[in-house]
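I opened the file to look up overall dimensions, burial, charge and aromatic contacts. My notes follow the order in which I checked them.

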Amino acid sequence: TLISVGKNEVYIDLEGYGVGVVRGRELYDDQATLASLKVGDKIFASVVDSENKDGNVELSLRQAGQERVWQKLKDYLESKEIISTKILAANKGGLMIELNNVLGFLPVSQLSLEHYPRVEEGDKGKILQILNSYVGQSFAVQVITADVAEEKLIVSEKAVFEKVLEERLSKLQIGGVITGTVTGVVDFGVFVKFGELEGLVHISELAWQRIENPKDIVRVGQELTAKIIAIEKGRVSLSVKQLQSDPWQESVKKYQIGQV
């Protein structure tokens, strides 16, 4: 309980322990400031020194505020609560956010299907351009890392949709055939959206013949029919060529063992 508020220090009654004092920069945290404190207030403080030269307990509101902030972030982590946060800035690795007055990071790999940048040949300049377009928007995220020791806060947008994604994926079967729309063509394959899901046709599964670049045979917006060949870690792998007969199987019929 506050018993005295001075110009640059306050004294606190620690019932059963004695008197505590908070001075200078230790007076300020995210909620309490010197101007707002008044005698009789109940406040939280962290012990800096159990007994200073005057025999009082040295305290800090600043440290207590930091602990309170990070504890709230840890609560978010454990509860998996969905929180809305504003995108402050972008870099090539992801997006900067702020949560509970702490700067955090939303990596590109943790973006939802809707916001994940699909750029031909992985052009980093174009990826950054897409990420910059998100600045000022609010995203629904979950905390996946809250490390007070390293002051590391990482959030995920993808995690918000994981349960829904799992339910949708559970309805798919290996060997099933889907028809969807090409949403992205990159050097390693083609992204296809079907219903509320998205899959990848790897370059090796596009056709039986050798392909140098997927965009030579596929374009964004094109309708594509493909076979589901794998569902792993929330990712759907598709194949176009497995819906077609292997030309080698026909060609080999023309030959016999021993033939020159």
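The entries below go from the whole chain down to one ring pair.

Entry 1, the model. I noted at the start that this is a predicted model.

Entry 2, secondary structure and extent. I counted four helices and 15 strands in the protein chain. I then took the radius of gyration, which is 29 Å; the globule rule gives 18 Å for 260 residues, so the protein chain is more spread out than a compact globule. The C-alpha trace spans about 105 × 35 × 35 Å along its principal axes.

Entry 3, burial and contacts. I found that 37% of the 260 residues count as buried. I looked up the exposed area of the protein chain and got about 15900 Å², with 49% of it supplied by carbon and sulfur atoms. Among contacts with a separation of 6 or more, I found that 56% join residues 24 or more positions apart.

Entry 4, charge. I listed 31 positive and 37 negative side chains in the protein chain. The centres of these two sets lie 6 Å apart.

Entry 5, aromatic rings. How many aromatic pairs does the structure hold? I found two. I looked into one of them, Phe188 with Phe191: the ring centres are 6.2 Å apart and the planes are at 85°, so I logged the pair as edge-to-face. The cut-off for that label is over 60 degrees.

Entry 6, exposure of the two rings' residues. Is Phe191 buried or exposed? Phe191 has 14% relative accessibility and therefore counts as buried, the cut-off being under 20%. Phe188, with a relative accessible area of 39%, is partly exposed.

Note on methods. Residues numbered from 1 in each chain as written. Predicted model: local features only at pLDDT ≥ 70, side-chain atom pairs only at ≥ 80, totals over all residues. Heavy atoms only, no water. Helix = DSSP H or I, 4+ residues; strand = E, 2+ residues; numbered from the N terminus. Rg over C-alpha atoms; globule rule 2.2 N^0.38 Å. Buried < 20%, exposed > 50% of the residue type's maximum accessible area, 1.4 Å probe, protein only. Contact = heavy atoms within 4.5 Å. Areas by Shrake-Rupley, 256 points an atom, 1.4 Å probe, with all protein chains shown as cover. Lys, Arg positive; Asp, Glu negative; His and termini not counted. Charge placed at Lys NZ, Arg CZ, Asp CG, Glu CD. Phe/Tyr/Trp six-rings, centres within 6.5 Å; stacked < 30°, edge-to-face > 60°.
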